[in-house]
Amino acid sequence: MAGGEVSAPRVPERRTQRPVVGRPRPGSGGHSRGRRPPAGGRGRTVRLGAPRPRLRLVALALTVVMGVFVVRLLQVQAVDASAYASKAAVNRWVTHDVTADRGTITDRSGVALATTVDAYDITADPYLFTPAQAKAKDAPLQAAELLAPIVGGDATTIARQLATPGSRYQILARQQSPQAWNQISDLKKALAAKAVKQPGADVLAGVFSEPHTKRVYPGGDLAAGVLGFVNSKGAGGGGLESMLDKQLAGKNGKIRYAQSNGRQVPTAGVQEHPAVPGSDVELTLDRDIQWAAQSAISAQVKKSRADRGYVTVMDNRTGEVLAMADAPGFDPGDLAHADADALGNAAMQDAYEPGSVSKLMSMAAIIDTGTATPTTRVTVPGTLPRADRVFHDDVDHGTWYLTLNGVLAKSSNIGTIEATGQLGRTQAEANQVLYSYLKKFGIGDPTGIGFPGETPGILAKPQDWNASQQYTIPFGQGLSLNALQATSVYATIANGGVRVAPSLIRGVTGPDGRFVPAAPPKQTRVVSAQTAKTLSQMLESVVGSEQGTGINARIDGYRVAGKTGTANRVDPKTGTYRGYTASFMGFAPADNPRVTVSCVIQNPTKGSYYGGSICGPVFKQVMEFALKTLQVPPSGAPAPKLPIEFDPSQPAVPATPPTGTKAR
């Protein structure tokens, strides 16, 4: 350098570089996004990666995923097919019966005596209580301890049902109330919510309900012998519930739906065939009169410490049974605590020897054939040897001088034997005549009601009567009947000699709401109207005369016709005579009969055993109540006074047979 100058080094000019938006121009060597090129040289170009490796990576990932799906599908459909099929069985279509509502049984006024309310059968699927499904080892026991207090069952028994191997259906409790099922439902919901946080807590998931019905009897034991009961399956098991089961039961329907894990799938739809409800049945019974009869007989049976007793009340004009009460009884709604010996209707199912109440039929034969009149004289010795035995009356006495009316009023066995012996020229002929009248009164034949277990009684043909029977049958020993048959005998006389077949059913209301009355009862003339009137007056002597045996049956303001009975009783266990059958039967008002009442007490062991003493008061109590309930006016004229005895020192006055009697 000249002049000795030293030149300074050249500093490159600094430039401000703008950021380049977008991609660099080709060949510019610039940088995108304002990046500074490397110092001291030219800029470097960034190139995108090749797409093929990436595609290969994605394809490989998809292949792996599809492979997993294929392997899983093979496992489900081939390797573990049976296991998964078993699990799928939890989700299936199920079919249940829809129980028809059982018809209501009412009294003649429409008051329910037997009706049906909603109920539920509590069921379970034991498969859902297995450890694998319930996620708990002791699920059956846990569930049983929760259910037992609600359904009133035994926890051990319920746990055993829930653990039944191979079972898919168990009934844990029948006919539970809606309140009980609501309580179980609340528990199920609470446990299901808890199971979300604590697996295995929902031990009631496999418990379900089936809508059902329950038979209830609002009156408890009222008319239980007539109504009967239904069994655990809801079918009639006795009485009218059994007799009319097809009409009352209706026709069950069916419902089919899908369930999953024991729960109905609402979106799967429902197939249903509706049930047809049963018919309602209206009885001839009057609830109030039934209550009075049941109260009276129950109190007397208890007081007399008797085996049993029954009271029957009939409307003698129509044959309708207004009451039929047994004691001891039972509550058809609580059979678990019922006495097995009390289940039934003793008034129709007990065959017993009636004793002196049967003398009415003997007198009917005598009067109706014109053999004698109420004033015909009958000399009654203290004893009477006949066949292989000696007959007595209920009290020891010397010779009695009685009219035929007196024989009935004082209930003389000997007098009855002597009077019926005049029915024919020979004893065999007399037996045949008496037998024909007994049959016309319905003895030895069913009443026609068709009640389950009804006995027709026993009446042998006269040629089969042994030496004793031809003399005992006239006063009610050696034949048997049921209490309804006996009541019908007295109702026949009260109805002017026409027997109206007894009935218990007034009509039926079908599912369509139409009421169909029962068919008219069969009517049969047994004796003439005049004979019936004469017999009615003779029966009044039994109650109205101071010498009669039925003074305890008198009712103020009403004329009462009736007859006492005290018979030797056949012990059903030994087949021998032991104890007594006490009875009283009659009707009122005697001048215009409306109601017939009978009372029978079997084997009274405390106090009196005479029919007039223990059944007379029961008759009076029930008859008074019935007359008031039916608003029957009092008698309008005093009773005629027929003679009981005659003076043997006075000559007999020939009597003219009553109009309408038949000569022998």
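In the predicted model, P589 is placed in the loop that connects β23 (577–588) with β24. The peptide bond between A588 and P589 is cis, with omega at about -15°. A second cis peptide bond links A327 to P328, and its omega is about -5°. P328 belongs to the loop between β13 and α11 (346–349). Most peptide bonds are trans, and most residues other than glycine have a negative phi.

Positive phi values are found in residues other than glycine as well. K135 has a phi near 60° and sits in the loop between α3 (131–134) and α4 (139–151). The residue is exposed, its relative accessible area being 57%. S411, in the loop between α13 and α14, has a phi near 55°. In contrast to the exposed K135, S411 is buried, with a relative accessible area of 9%.

The protein as a whole contains 20 helices and 24 strands. Of its 664 residues, 46% are buried. Among contacts with a separation of 6 or more, 72% are made by residues 24 or more positions apart.

Strands β23 and β24 take part in an open sheet of five strands, ordered β13-β12-β24-β23-β22, in which the pairing is antiparallel. The edges are occupied by β13 and β22 (561–570); each has a single partner strand, so one side of each lacks a neighbour in the sheet. On average, and with direction ignored, neighbouring strands are turned by 10° against each other. Strands of a sheet pair through backbone hydrogen bonds, in either the parallel or the antiparallel sense.

Within this sheet, β12 (residues 308–315) is joined to β24 (residues 595–602) by eight bridges, the two strands running antiparallel. The pairing of β12 with β13 is likewise described as antiparallel and extends over seven bridges. M314 illustrates both pairings: T596 stands opposite M314 in β24, while V321 is the bridge partner of M314 in β13. β12 and β13 form a hairpin with four residues between them, and G319 in the turn has a positive phi of about 80°.

D315 is also part of strand β12. This residue is buried, with a relative accessible area of 5%. Apart from residues up to four places away in sequence, D315 touches E320, L322 and R594. The edge strand β13 is mostly covered, eight of its eight residues being buried. Helix α10 lies across β12, β13 and β24 and runs at about 30° to β13.

The region of α10 and β13 also contributes to an internal space. Three cavities of 30 Å³ or more are found in a search of the whole structure, and the largest encloses about 60 Å³. This cavity is lined by 14 residues, of which A223, A224, G225, Q294 and D326 are the closest to its centre. Two or more lining residues are supplied by each of α7 (224–227), α10 (287–304) and β13 (320–327). By class, the lining of the largest cavity comprises seven nonpolar, five polar and two charged residues.

The second largest cavity holds about 40 Å³ of space. Its lining consists of P354, V357, S358, M361, L481, A486, V489, Y490 and M585. Helix α17 (residues 483–494) provides the largest share of this lining, with three residues. Eight of the lining residues of the second largest cavity are nonpolar and one is polar, with no charged residues.

M361, one of the residues lining the second largest cavity, is also among the buried residues of α12. Helix α12 (residues 359–368) is mostly covered, with 10 of its 10 residues buried. The buried residues of α12 include the charged-class residues K359 and D368, together with L360, M363, I366 and I367. The packing partners of the buried residues are the helices α13 (404–409), α14 (413–420), α15 (427–440), α17 and α18 (529–544), as well as strand β22. The partners of α12 thus include α17 and β22; α17 also contributes to the lining of the second largest cavity, and β22 stands at an edge of the five-stranded sheet. Just after α12, G370 adopts a positive phi of about 75°.

Conventions: Residues are numbered from 1 along each chain as its sequence is written. This is a predicted model: local features need pLDDT of at least 70, side-chain atom pairs count only at pLDDT 80 or more; totals for chains, interfaces and linings use all residues. Side-chain values use heavy atoms; hydrogens and water are left out. On a 1 Å grid over the protein atoms alone, a cavity is a set of points where a 1.4 Å probe fits but cannot get out, and a pocket is an open set with protein on both sides within 12 Å along at least five of seven lines; lining residues have an atom within 4 Å of a point. Grid points are joined across faces, edges and corners, and a volume is the space filled by probe spheres set on the points. Two strands pair if DSSP finds at least two bridges between them. Axes are lines fitted to C-alpha atoms, for helices over the stretch in contact, and angles run from 0 to 180 degrees between N-to-C directions. Contact means heavy atoms within 4.5 Å. Buried means under 20% relative accessible area, exposed over 50%, partly exposed in between (1.4 Å probe, protein chains only).
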